[in-house]
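This report is a first walk through one protein model for a reader who has not seen it before. It moves from single residues to helices, then to a sheet, and ends with the chain as a whole.

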Amino acid sequence: MRSIRFVVLAALAAVLVALTSTAATARPDGAAAKRVTVTFWHAYAENPAAPEMQRLTKIVIPRFEKLNPGIKVQQVPFSYGNLQQKLTTSAAGGTLPDLIRSDLAWVPQYAKLGVFAPLNKVMPDFKRFANAMFPGTLATNFYKGNYYGLPLDTNTRVLMYNRAALTAAGVSPPRTFADLRAAAPKLKAKGVYLFADGGTGGWNVLPWIWSGGGNLTNATFTKSTGFLNSPRSIAAVQLLVDLYKQGAIPSLIVGDQGATGTEQGLADGKYATILDGPWMLPIFAKAHPGFKVATGRVPAGPGGSISVVGGEDIVLTQTSKNKQAALRFLRFMISPWAQTQMARANQMPVRKDVTKNLLKINPALRIFVQQLETAKPRTPHPNWPKIDSALGAAVASAIKGDKTVQAALTDAATEIDRLLAS
């Protein structure tokens, strides 16, 4: 009798195990549910051994699939350039994935074409996630009244300086525009440039314009005249022009290919300060072990200390046939847990509530978190590349003395108005 009872109990146990294993995919009508595959394109890294790829592949996606056994995530990595090319051709051919890790500059371009879905309309809990983000990172997804993505990872530029070069000239790290003007002649006397940068586009000059109290456009990104050529914007660019004329900024800023790059120049003490992002910290540590880079906030002007937002957003395609499953993975990728995991692979999180975790993982990023609190996006508009070109050309012409700052910025504002309207 005991043997019969044992057989019966064993059979019941087997049935329970089978029921448990299929519960996640069983439907109420008793038919087997179809497992959904969500495709996710990104350019984290082509190298599978890269830290971000390792964490995404071995930790983040497996955790999501374990919590959501009815969903499989098929990630497809690309190089940065190939991803945009593939996105363009696939949009034309109707063969898009469900989700894309998009460069923030691409969001309005493809939103205009109807490629990306407005998340604030298709995601009932959009506001809950939006409210957790740094304002500047969230704004990168805005286009004509809707948000076509949510931030996935971010970065910004801060002041990086060579403490020894400043000390030798009797100069403290500059905290204000006035400090920069006062430090320039002292550093020049020591044969050191005050500041160096590699261009005059938005990534380079918008921190100066915003910190000076100026703007590229109005708040709704529809008009530039009266903003780019406002007195405060003109004064901010005039600061760069004056410093260049005084020999405090090298010709690298206007495209001199023979000039020393910012990384080498700062490490060598040829440049006292630069603006750059968090990726430079490990680069300096590896390439220049004898140099310890110091950091501070962008020098403040009448507008405060304001920098520029970089990074990537996560977007849902309009053609996705698995929108609900895709949105579940999107929510997971911007959850505190996933954001913390990717922070361990040197990705800066986009959520304000993950800041404490980030600073425990990498305390050196504290300055970037502080700067992100006020950082702003480059104009989220489909014509941003052309707008950026117009801005860069105008500032370069003013620095080289081809035009006055007022004339250069007024001409650029007129051109940018046309681009914003198209």
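Lysine 144 is found in the loop between β4 (142–143) and β5 (146–147), in what is a predicted model. Its phi is near 50 degrees, a positive value in a residue other than glycine. Most residues other than glycine have a negative phi. Lysine 144 is also exposed, with a relative accessible area of 68%. A second residue of this kind is asparagine 346, where phi is near 75 degrees, again positive in a residue that is not glycine. Asparagine 346 is found in the loop between α15 and α16, and with a relative accessible area of 56% it counts as exposed.

The table below sets these two residues beside three others, with their places and accessibilities.

| Residue | Place | Relative accessible area | Class |
|---|---|---|---|
| Lysine 144 | loop between β4 and β5 | 68% | exposed |
| Asparagine 346 | loop between α15 and α16 | 56% | exposed |
| Alanine 189 | helix α9 | 67% | exposed |
| Serine 389 | helix α18 | 48% | partly exposed |
| Serine 79 | loop between β2 and α3 | 18% | buried |

Is serine 79, in the loop between β2 (71–77) and α3 (80–93), buried or exposed? Serine 79 counts as buried, because its relative accessibility of 18% lies under the 20% that sets the limit. Leaving aside residues up to four places away in sequence, serine 79 touches Ala43 and Glu46. Serine 389, which belongs to helix α18 (residues 384–400), is 23 residues from alanine 412 in sequence, and the C-alpha atoms of the two are 9.6 Å apart in space.

Among the helices, α15 (residues 336–343) is mostly covered, with six of its eight residues buried. The buried residues of α15 are Ala338, Gln339, Thr340, Gln341, Met342 and Ala343. What covers them includes the helices α2 (51–67), α14 (323–333) and α16 (355–361), together with strand β6 (150–156).

Another pair of helices can be described by how the two lie against each other. Helix α9 (residues 177–189) and helix α11 (residues 231–245) pack at an angle of about 10 degrees, and their axes are 11 Å apart. That angle makes α9 roughly parallel to α11. On the side of α9, the residues that meet α11 are Phe177, Leu180, Arg181 and Ala184, and their counterparts in α11 are Leu239, Asp242 and Leu243. Sorted by class, this contact of α9 with α11 has five nonpolar residues, two charged residues and no polar ones. An α-helix has 3.6 residues a turn, so residues three or four places apart point the same way. Alanine 189 also has its place in helix α9, and its C-alpha atom is separated by 25 Å from that of aspartate 276, which is 87 residues away along the chain.

The next topic is a sheet. Four strands form an open sheet in the order β8-β9-β7-β10, with mixed pairing. Strands β8 (193–196) and β10 (294–296) stand at the edges, and each has a single partner strand, so one side of each is left without a neighbour in the sheet. Neighbouring strands of this sheet are turned by 25 degrees against each other on average, direction ignored. Strand β7 (residues 158–161) is joined to β10 by three bridges, and the two run antiparallel. In this pairing, methionine 160 stands opposite threonine 295 in β10. Helix α13 (residues 280–287) lies across β7, β9 (271–276) and β10, and runs at about 15 degrees to β7.

Which counts and values describe the whole chain? The protein has 19 helices and eleven strands, and its C-alpha trace spans about 100 × 50 × 35 Å along the principal axes. Of its 422 residues, 54% count as buried. Residues 24 or more positions apart account for 74% of the contacts with a separation of 6 or more.

The confidence of the prediction remains to be described. The average pLDDT of the protein is 92, and 92% of the residues score at least 70. Over residues 1–32, however, the pLDDT is below 50, and this stretch has eight contacts in the model beyond near neighbours in sequence. Where pLDDT is low, the predicted coordinates should not be read in detail.

Terms used
Residues numbered from 1 in each chain as written. Predicted model: local features only at pLDDT ≥ 70, side-chain atom pairs only at ≥ 80, totals over all residues. Heavy atoms only, no water. Pairing = 2+ DSSP bridges. Axes fitted to C-alpha atoms, helices over the stretch in contact; angles between N-to-C directions. Contact = heavy atoms within 4.5 Å. Buried < 20%, exposed > 50% of the residue type's maximum accessible area, 1.4 Å probe, protein only. Parallel < 35°, antiparallel > 145°, perpendicular 65-115°, else oblique. Nonpolar A, V, L, I, M, F, W, Y, C, P; charged D, E, K, R; others polar. pLDDT = per-residue confidence, 0-100.
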